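The exercises that follow ask the reader to work from coordinates to careful statements about a fold. Each task is followed by a solution that goes step by step.

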Amino acid sequence: MATGFWADETLEAAPQNTNTYSKPSDLKITDMRIAILRDAPMTCPLIRIDTNQGIYGLGEVRDGASKNYALMLKRVIKGENPCNVDKIFRKIKQFGGHARQGGGVCGVEMALWDLAGKAYNVPVYQMLGGKFRDRIRCYADTDTSYDIKEFAERLRKRKEQGFTFLKMDLGIQLLARTPGTLTQPLGGPGRGYESQNVQHMFTGVELTEKGIDMMASFVSQVREVIGWEIPLAADHFGHIGVNSCIRLGKALTKYNMAWLEDMIPWQQTELLKKINDAVDIPLCTGEDIYLKEPFIELAKNHAVDILHPDLATSGGILETKKIGDTIQDYGVPMAMHFAGSPVSCMANVHCAAATENFFVLENHSVDIPWWDNLVNGVEKPIVDKGYIKVPDKPGLGVTLNDEVVKQHLGEGGFFEPTPYWDSDRSHDRTWS
Ligand SMILES: [Mg+2]
């Protein structure tokens, strides 16, 4: 009796505890392929890393970045054991950079974690040390409108959907139709908010008192509709000078903003600190920063109050956890910027679950009806009443729904072969 009982128990347990088709120590990367999603709402290149044992890992290049940032890494990672995530990350991180240039390194890193989790049959958060929470608080990107009543209504609907944190765009384009709101060099195009490639300190664009009053009035009208209890952050101010940032920040103080985001470029630690010291609202930056060091510099100088890495730029899942853990020592919380598919979303969810000072995660896709259908394996809706449940399946916890992905493909097809990227000669050491 007793022998039979244990034998049955062992048989039942076996399929749950061993991955019958993977021997992790013999796993090798054999290929990397791409499928580009469009209108999700961003363009998102999905990565599939194949192995010699039939299992594959999913990752995603940062929204809006070139697939080639990932493909150029194929020759470097082929033949490596994907379970050695940190070793491979240290080998490839020299090929990443700030903003979209970090997209390839980070996308590959996500796919390595997915593979390691599948090979050892554990969710990614568990490999990071376990979780601090079972669900992840989200805020939703909300399209702006020149009609502030309409915009306030959109935010009210977010609250109705269950979101517990809101963010609005509050840019100087809202002032463009009202004379006397902006001062800027006369006569020439490209010196104002249209000049996307001129940094804030160099545009000569400053807000007038009328402009500041008008922007404050927008926020006041939003607060009237959504109430005072829910946090309200603001972003996309436009390329205005440091002193305009300070004057605007002071005018917005009474609306108790959750944060003011990317008022000037993140590289300007001392100027950010100047704004931060003058304004009693949290300042936030970080979505364009690659690797942990600049985050630490901003945190220890208290140049901003909240850091906001985009995991698909900041260095991937483990580097972003390191960012969170390090800035926590300086008393700085970590919000997370995100605008991609459910694949990258789940990479964020595992990292957010495993990082104690995580605050809130962005989502740009709650109005895209097919976004959830891109993947299987997780509970739907993925963002449910403002939260995402942390999945317990191995790796990132999602599989692709091939049919739905194929309906929303951009150029380049569905995981077509990529032999062009198999080999190249380059002596890539960064020291001698
Ligand atoms: Mg932003």
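**Exercise 1: the surroundings of Arg 154**

Leaving aside residues up to four places away in sequence, Arg 154 touches Thr 142 and Asp 143. The model is a predicted one, and the task is to place Arg 154 in its element and to decide whether it counts as buried, partly exposed or exposed.

*Solution.* Begin with the secondary structure, where Arg 154 is found in helix α7, which covers residues 148-160. Next, count the neighbours: Arg 154 has 16 Å between its C-alpha and that of Asp 235, a residue 81 positions away in sequence, but the class depends on C-beta atoms inside 10 Å, of which Arg 154 has 18. A residue needs 20 or more such neighbours to be buried and 12 or fewer to be exposed, and Arg 154 is therefore partly exposed.

**Exercise 2: the overall dimensions**

Decide what the radius of gyration of the protein chain says when it is set beside the value for a compact globule.

*Solution.* The first step is the expectation, which for 432 residues is a radius near 22 Å. The second step is the comparison: the protein chain has 23 Å, and this agrees with the value for a compact globule. Along the principal axes, the C-alpha atoms fill a box of roughly 85 × 55 × 45 Å. The third step turns to the interior, where 47% of the 432 residues count as buried. Finally, among contacts between residues at least 6 apart in sequence, 74% join residues at least 24 apart, within a chain that holds 15 helices and 17 strands.

**Exercise 3: the open sheet**

Establish which strands stand at the edges of the sheet with the order β3-β2-β1-β17.

*Solution.* Start from the order, in which four strands form an open sheet with antiparallel pairing. The edges are β3 (56-60) and β17 (409-414), because each has a single partner strand, so that one side of each is left without a neighbour in the sheet. From one strand to the next, the twist averages 25°. As a check on one of the pairings, β1 and β17 are joined by two bridges and run antiparallel, and Leu 37 has Leu 409 in β17 as its bridge partner. A helix completes the picture, since α5 lies across β2 and β3 and runs at about 150° to β3.

**Exercise 4: strand β13 and helix α14**

Describe how β13 is paired, and determine whether α14 is enclosed or open to the outside.

*Solution.* Take the strand first: β13 spans residues 358-363, and six of its six residues are buried. Three bridges join β13 to β4 (residues 135-140), with the two strands running parallel, and one of the pairs matches Cys 138 with Leu 361 of β13. Two further bridges link β13 to β12 (residues 334-336), again in a parallel arrangement, and here Met 334 has Phe 358 as its partner.

Then follow the chain from β12 through helix α14 (residues 342-353) to β13, which gives a right-handed β-α-β unit. The length of α14 can be tested, because at 1.5 Å a residue its 12 residues should span 16 Å, and its end C-alpha atoms are indeed 16 Å apart. As to its surroundings, 12 of the 12 residues of α14 are buried, so the helix is largely enclosed by the rest of the structure; among them are Cys 345, Asn 348, His 350 and Cys 351.

**Exercise 5: unusual backbone angles**

Find where the cis peptide bonds at Pro 41 and Pro 381 lie, and where Asn 121 and His 302 take a positive phi.

*Solution.* The background is that most residues other than glycine have a negative phi, and most peptide bonds are trans. Consider the peptide bonds first: Ala 40 and Pro 41 are joined by a cis bond with omega about 0°, and Pro 41 sits in the loop between β1 (29-37) and β2 (44-51). The bond between Lys 380 and Pro 381 is also cis, with omega about -10°, and Pro 381 lies in the loop between β14 (375-376) and β15 (387-389).

Now turn to phi. Asn 121 has a value near 65° and belongs to the loop between α5 (103-120) and α6 (124-127), where 16 C-beta neighbours inside 10 Å make it partly exposed. For His 302 phi is about 50°, its place is the loop between α11 (292-300) and β11 (306-307), and with 15 such neighbours His 302 is partly exposed.

Technical notes
Residues are numbered from 1 along each chain as its sequence is written. This is a predicted model: local features need pLDDT of at least 70, side-chain atom pairs count only at pLDDT 80 or more; totals for chains, interfaces and linings use all residues. Two strands pair if DSSP finds at least two bridges between them. A crossover is right-handed if, with the strands pointing away from the viewer, the path from the first strand over the helix to the second runs clockwise. The radius of gyration is taken over C-alpha atoms; the globule rule is 2.2 Å times the number of residues to the power 0.38. Two residues are in contact if their C-beta atoms, placed from the backbone, lie within 7 Å. Axes are lines fitted to C-alpha atoms, for helices over the stretch in contact, and angles run from 0 to 180 degrees between N-to-C directions. The expected span of a helix is 1.5 Å times one less than its number of residues.
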